[in-house]
Amino acid sequence: LGACFVQQSQADELNVWIGTVTPRNGLSKGIYHAKLNTANGKLTAPRLAAEISSPGFLALHPNGQVLYATGTIEGEPSVVAFQIGQGSSPTLSMINSQPIGDGGAAHLSTDRTGVALLSAQYGGGSVAIFPLAKDGSIGSLTKLIKHEGGSRIVRGRQDKPHAHWVGTSPDNRFAFVPDLGMDKVAIYRLDVERASLTAHGFGELPPGSGPRHMK
C-alpha cells in the first residue's frame, strides 16, 4: 500500500482510491478503487482502476474530476494525470504524464486553485512544480529546486536532504516542504500563474526530529 484518497460519491458512499508500490513479481499492479459505506464502515474489495508502475502517492484535483499520481512511465519517474470516469465503479483514464527529472516523488499535491501541481522528491531532496491546464493535464516542469545539506544528527538518515511532503498555505501564497534530512521545513513563495517557486527561508525544527508531513 502506498497511499489512499477518499472522494465523496453518494450520500452514504465514498470512492476510495488506493496507491501502491508494485515490486517485481508482487501482487500490486497500480491504482485500485473501492467503495466505503459510511453507514456501516464496510469497504468493498479493491479492484484495479489503472495499471501503472508504483503509484506511491495520489492527489485529487479541487474539481474532483482528475486524480494525480506519482509513478514510473517508460522507466522515468513521473507525475501522472488520470480522468476519473462516471458511474458506480469509476475507472481511470490516463490524460498525460510529465517526467520529474530528479527521481521519484514521495508526495504530490495541487495548489488550492488547481492551477499548479507540486511534488517532493525524497531521494533527490528536491521540490518540483508543474502548470496544470483547464482539462487537468500536466504541463512541462517549470521549476526544480534541490535542497542542500543535512543535519547529520541521525547517521544514514540525515546525511543529505530528503524532501518528504509538499503543500500550500491556506491563502495559497506559500508552499511548505518538510525535509527529513535537514530538520527544516523549506518555505517558498508560490506564484501559481507562472507555476514558480522562490525561496523564502526555513522553519527550524528540533535536531534529529526528521520532519515528514504537515497539516
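**Entry 1: a salt bridge to start with**

I began with Arg194 and found that it forms a salt bridge with Asp191, with the closest N and O atoms 2.9 Å apart. I noted at once that this is a predicted model, so every distance here is computed from that model. How exposed are the two partners? Arg194 counts as exposed because its relative accessibility is 64%, above the 50% cut-off. Asp191 is partly exposed, at 24% relative accessible area.

Next I looked for salt bridges that share partners, and these join Arg152, Arg155 and Asp159 into one network.

**Entry 2: inside the network**

I took one pair from this network and looked at its atoms. Arg152 and Asp159 form a salt bridge, and their closest N and O atoms are 3.9 Å apart. The cut-off for a salt bridge is 4 Å, so this pair is within it. I then checked both residues for exposure. Arg152 is partly exposed, with 43% relative accessible area. Asp159 also counts as partly exposed, at 32% relative accessibility.

**Entry 3: a bridge across the chain**

How many salt bridges does the structure hold? I found 6. One of them brings together the side chains of Lys146 and Asp102, at 3.0 Å from N to O. This pair links distant parts of the chain, with the two positions 44 residues apart in numbering. Lys146 belongs to strand 12 (residues 143-146), while Asp102 lies in the loop between strand 8 (92-99) and strand 9 (107-110).

Is Asp102 buried or exposed? Asp102 is buried, because its relative accessible area of 15% is under the 20% cut-off. Lys146, at 45% relative accessibility, counts as partly exposed.

**Entry 4: rings**

I looked for pairs of aromatic rings and wrote down a count of 0. I did find a charge over a ring, though. The charged end of Lys184 sits over the ring of Phe202, 4.7 Å from the ring's centre.

**Entry 5: strand 3 and its partners**

I moved on to the strands, and reminded myself that strands of a sheet pair through backbone hydrogen bonds, either parallel or antiparallel. Strand 3 (residues 30-37) is mostly covered, as 6 of its 8 residues are buried.

Which strands does strand 3 pair with? I found strand 2 (residues 13-19), which runs antiparallel to strand 3 and is joined to it by 6 bridges. As an example to find on screen, I picked Leu14, which stands opposite Leu36 in strand 3. I also found strand 4 (residues 47-51), again antiparallel to strand 3, with 4 bridges joining the two. Here I followed His33 to its bridge partner in strand 4, which is Arg47.

**Entry 6: an open sheet**

In what order do the strands of the open sheet lie? I traced 4 strands in the order 5-6-7-8, with antiparallel pairing. At the edges I found strand 5 (58-60) and strand 8, each of which pairs on one side only. I also looked up the twist: neighbouring strands of this sheet are turned by 30° against each other on average, with direction ignored.

I finished with strand 7 (residues 76-84) and strand 8, which run antiparallel and are joined by 7 bridges. One place to see this pairing is Val80, whose bridge partner in strand 8 is Ser97. I met strand 8 earlier too, in the entry on Asp102, as the strand on one side of that residue's loop.

Technical notes:
Residues are numbered from 1 along each chain as its sequence is written. This is a predicted model: local features need pLDDT of at least 70, side-chain atom pairs count only at pLDDT 80 or more; totals for chains, interfaces and linings use all residues. Side-chain values use heavy atoms; hydrogens and water are left out. Rings of Phe, Tyr and Trp (its six-membered ring) pair if their centres lie within 6.5 Å; planes under 30 degrees apart count as stacked, over 60 as edge-to-face and the rest as tilted. A charge sits over a ring if NZ of Lys or CZ of Arg is within 6 Å of the ring centre and within 35 degrees of the ring normal. Buried means under 20% relative accessible area, exposed over 50%, partly exposed in between (1.4 Å probe, protein chains only). Two strands pair if DSSP finds at least two bridges between them. Axes are lines fitted to C-alpha atoms, for helices over the stretch in contact, and angles run from 0 to 180 degrees between N-to-C directions.
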